[in-house]
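Please open the structure in the viewer and keep the selection panel at hand. The tour proceeds from single residues to a sheet and then to the whole chain.

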Amino acid sequence: MDASDSDLLHRGEFLELRRRRHWEFVRRTRSNGGAAFMIALTDEAELLLVEQLRLPVEQPVIELPAGIIGDHDAGESPEQAALRELEEETGFRASRVRRIFDSPTVAGISSEWAYYLKMEGLTRVGQGGGVGEEDIITHCVPLADAPQWLDQQRAGGSLVDIRIYAALFWLAQDNG
């Protein structure tokens, strides 16, 4: 997203704090302005979820596999980022990827866009776990049991990202 119509308030290594008129917001410095969120299903009808420590909330969070678009290659598409990140985070490679929905990530605080992609034809090709200091745990949750599994995780004190419930909704509506 173009930042030329906003004022720079602070620049960090990965983020900028900017002001457009009366509104302050965050902009990523190393991306194409978006993040890819993967709705990944195995042939056994398992939904791939990841769990990782999120320092802003000081706890592990259960989430859809996701990653920044263009943080290593400025010309990267959402589909390319999804394929790369799925393998890095979960150790699975997809043979089919389809973009199903785009939206602002958190429109009140960030200029970032979220691209939701359905990943199918999965093959385990590695351990996953992320790159660098990431310490990602992959969960393969039977799709039919996902709501109850998520309830159990929340009851046990885990944080669960709301995007998982949106993914379950889209999967229930999906005809493709």
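Select G70 first: in this predicted model, G70 counts as buried, because its relative accessibility is 10% and buried means under 20%. This glycine lies in the loop between strand 7 (66-68) and helix 1 (78-90). Which residues are in contact with G70, leaving aside its neighbours within four places in sequence? They are R30, S31, N32 and E76. Add N32 to the selection and compare the two distances: G70 and N32 are 38 residues apart in sequence, yet their C-alpha atoms are 5.2 Å apart in space.

Next, select R93, which has its place in strand 8 (residues 92-93). Is R93 buried, partly exposed or exposed? With a relative accessible area of 43%, R93 is partly exposed, because that class lies between the limits of 20% and 50%. Show also E87, G121, L122, T123 and V125, with which R93 is in contact when neighbours within four places in sequence are left aside. Then select A81 and draw a line from its C-alpha atom to that of R93: the separation is 12 Å in space and 12 residues in sequence.

**The open sheet**

Now colour strands 12, 5, 6 and 13. They form an open sheet of four strands in the order 12-5-6-13, and the pairing is mixed. Strand 12 and strand 13 (159-160) are the edge strands, each of which pairs on one side only.

Begin at the edge formed by strand 12. Strand 12 (residues 137-142) pairs with strand 5 (residues 46-54) in the antiparallel sense, over six bridges. Two positions are convenient to select here. E46 stands opposite P142 of strand 12, and L49 stands opposite H139 of that strand.

Move across to the neighbouring pair. How many bridges join strand 5 to strand 6? There are five, and strand 5 and strand 6 (residues 59-63) run antiparallel. To see one of these bridges, select L53 together with its bridge partner in strand 6, P60. Follow the backbone through the turn: strand 5 and strand 6 form a hairpin with four residues between them. Select E58 in this turn, which has a positive phi of about 55°.

**The whole chain**

Finally, clear the selection and display the full chain. Its secondary structure comes to three helices and 13 strands. Rotate the view to compare the directions: along the principal axes, the C-alpha trace spans about 50 × 35 × 35 Å. The radius of gyration is 17 Å, which agrees with the value near 16 Å for a compact globule of 176 residues.

Colour the chain by accessibility, and 42% of the 176 residues count as buried. The chain exposes about 9900 Å², of which carbon and sulfur atoms supply 51%. Consider next the contacts with a separation of 6 or more: residues 24 or more positions apart account for 61% of them. The pair G70 and N32, 38 residues apart in sequence, may be recalled here.

As a last step, colour the charged residues. The chain has 18 positive and 30 negative charges, and the mean positions of these two groups are 6 Å apart.

Notes: Residues are numbered from 1 along each chain as its sequence is written. This is a predicted model: local features need pLDDT of at least 70, side-chain atom pairs count only at pLDDT 80 or more; totals for chains, interfaces and linings use all residues. Side-chain values use heavy atoms; hydrogens and water are left out. Helices (H or I, at least four residues) and strands (E, at least two) are DSSP runs, numbered from the N terminus. The radius of gyration is taken over C-alpha atoms; the globule rule is 2.2 Å times the number of residues to the power 0.38. Buried means under 20% relative accessible area, exposed over 50%, partly exposed in between (1.4 Å probe, protein chains only). Contact means heavy atoms within 4.5 Å. Accessible areas come from the Shrake-Rupley method with a 1.4 Å probe; for residues, only the protein chains shown count as cover. Lys and Arg count as positive and Asp and Glu as negative; His and the chain ends are not counted. The place of a charge is taken as NZ of Lys, CZ of Arg, CG of Asp or CD of Glu. Two strands pair if DSSP finds at least two bridges between them.
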